[in-house]
Amino acid sequence: SPNGTKVAVSGYSHVSGDVLLDPTIPLYEVNSRINTFFFAYMQNFSLFGRTTNVLVELPYSWGTTKGIVVDTPVERRLSGFNDLGITLAVNLLGAPSMSPSDFQWLRDNPRVILGTSLKVLFPTGQYLTDRVINVGANRWAFKPGLGGLIPLWPKLLLEIQAGVWFFAKDNDYIMGTRKQQPIFSGEIHLVKRFKPGLWVSIEANYFWGGRQEIGGVQLEDLQRNSKIGATVAVPIPRRHSFKFGYSIGTVTAFGSDFNQFLVTYTVLLNKI
């Protein structure tokens with residue numbers, strides 16, 4: 001996006017199936033229905049002449065989760081704010097800081113772009129120390145990542161991303177101090193553009209790792225999971241747009257086998 005762009009995003013997500021707000025909780029045979037409303041703000045600026053943006057996001061979730069912990073059935077109705085997330089993303093190749101006219105030229109003449117990002121989750125969400133299931137995770141999490149865009153044709157783009165989550169300890173977990181190994185992830189998006197702001201994509205991801213130790217006991221919960229989905233973005237005149245997405249689980253070795261529907265509304269806050 002052009003230098004100085006300011007965008008506000010709000011959205012709603014509904015997920016059902018084997019899913020938790022914190023997917024690393026050692027809960028089995030999960031059946032959840034979770035709703036999430038979220039608000040985000042993104043601002044673009046120049047960093048050493050490169051296109052850069054910072055994204056701040058805060059979700060609020062409510063719903064019901066059922067499952068089994070150590071042969072004991074549990075159920076939790078929950079609601080509250082999730083952990084605050086902040087992401088800094090910098091384009092390293094192919095996208096210097098741009099004026100509106102430069103940006104339009106790049107849209108008409110797409111080229112290979114390479115970028116990097118760092119996402120941080122702050123332990124600000126609702127967390128009760130006497131509960132197994134919580135909205136917040138009560139620990140810091142960090143995800144460095146790399147992403148690339150490859151034009152196949154002027155209006156057909158391939159996006160590839162890779163990253164890894166690192167987790168701090170949760171010393172207040174009800175079952176003992178919780179530690180977790182990194183989770184590696186990769187995803188791919190095939191994007192078809194029709195006109196500015198109107199596009200569709202199909203996507204797939206895969207993530208693995210995340211084995212946990214709780215109270216000194218190593219769990220057999222290595223994740224090797226994959227999902228596929230599709231997204232449609234529809235522009236509305238005068239700086240507005242809607243985006244609709246749907247995804248399903250395809251491969252699940254531990255947890256995260258669920259269906260998700262997502263809708264977001266985006267508004268450009270300034271003239272560019």
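In this predicted model, the largest nonpolar core is made up of 11 residues, namely L27, V30, V69, L78, Y127, V132, I133, V135, Y173, I214 and L219. A second core, separate from that one, has 7 residues, among them A95, L106, L149 and L157. In soluble globular proteins, nonpolar side chains tend to be buried together. Burial in the model also extends to polar residues, as the serine S32 illustrates: S32 belongs to strand β2, which spans residues 28-47, and with a relative accessible area of 1% it counts as buried, because the cut-off for that class is under 20%. The side chain of S32 is joined to the side chain of T65 by a polar contact of 3.0 Å.

A second buried serine is located in strand β14, where S226 is found. The relative accessibility of S226 is 11%, and the residue is therefore classed as buried. The side chain of S226 reaches a backbone atom, the oxygen of N205, at a distance of 2.6 Å.

Nonpolar side chains are also present at the surface, where L92, L93, V112, L114, L146, I150, L152, W153, I160, I188, L190 and I202 make a nonpolar patch of about 1,100 Å². Two or more residues of this patch are given by each of the elements β5 (84-93), β7 (141-153) and β10 (183-195), and the largest share, amounting to 4 residues, comes from β7. One of the patch residues, L114, lies in strand β6, which covers residues 113-122; its relative accessibility of 33% places L114 in the partly exposed class.

The strands that surround L114 are connected by antiparallel pairing. Strands β5 and β6 run antiparallel and are joined by 9 bridges, and within this pair L93 stands opposite L114. Strand β6 is in turn joined to β7 by 9 bridges, again with the two strands running antiparallel, and here G115 is placed opposite G147 of β7. Strands of a sheet pair through backbone hydrogen bonds, either parallel or antiparallel.

Strand β6 also contributes to a charged interaction. A search of the whole structure finds 1 salt bridge, which is formed between K119 and E57, with the closest N and O atoms 3.1 Å apart. K119 is located in strand β6 whereas E57 is located in strand β3 (residues 50-69), so the pair ties together parts of the chain that are 62 residues apart in sequence. Both partners fall in the partly exposed class, with a relative accessible area of 22% for K119 and of 21% for E57.

Further along the chain, β10 is paired with two other strands. With strand β8 (residues 156-167), β10 shares 10 bridges in an antiparallel arrangement, and in this pair K192 of β10 is the bridge partner of L156. With strand β11 (residues 198-209), β10 is joined by 12 bridges, and these two strands likewise run antiparallel; K195 stands opposite L198 of β11. The hairpin of β10 and β11 has 2 residues between the strands, and in this hairpin G197 takes a positive phi near 90°.

A 3-stranded open sheet is also present, with the strand order β9-β12-β13 and antiparallel pairing. Its edge strands are β9 (178-180) and β13 (217-218), each of which pairs on one side only. Strand β9 is joined by 3 bridges to strand β12 (residues 212-214), and the two run antiparallel, with Q180 standing opposite Q212 of β12. I214, which falls within the residue range of β12, is listed among the members of the largest nonpolar core.

An exposed position is found at R238, in the loop between β14 (223-236) and β15 (240-251). R238 has a relative accessible area of 75% and is classed as exposed, because the cut-off for that class is over 50%. The C-alpha atoms of R238 and V9 are separated by 15 Å, although these residues are 229 residues apart along the chain.

Terms used
Residues numbered from 1 in each chain as written. Predicted model: local features only at pLDDT ≥ 70, side-chain atom pairs only at ≥ 80, totals over all residues. Heavy atoms only, no water. Buried < 20%, exposed > 50% of the residue type's maximum accessible area, 1.4 Å probe, protein only. Polar contact = N/O pair within 3.5 Å; in protein donor to acceptor, adjacent residues only side chain to side chain. Patch = residues over 30% accessible without salt bridge, like charges linked within 9 Å, V, L, I, M, F, W, Y side chains within 5 Å. Areas by Shrake-Rupley, 256 points an atom, 1.4 Å probe, with all protein chains shown as cover. Salt bridge = Lys/Arg side-chain N within 4 Å of Asp/Glu carboxyl O. Pairing = 2+ DSSP bridges. Core = buried A, V, L, I, M, F, W, Y, C linked by side-chain atoms within 4.5 Å.
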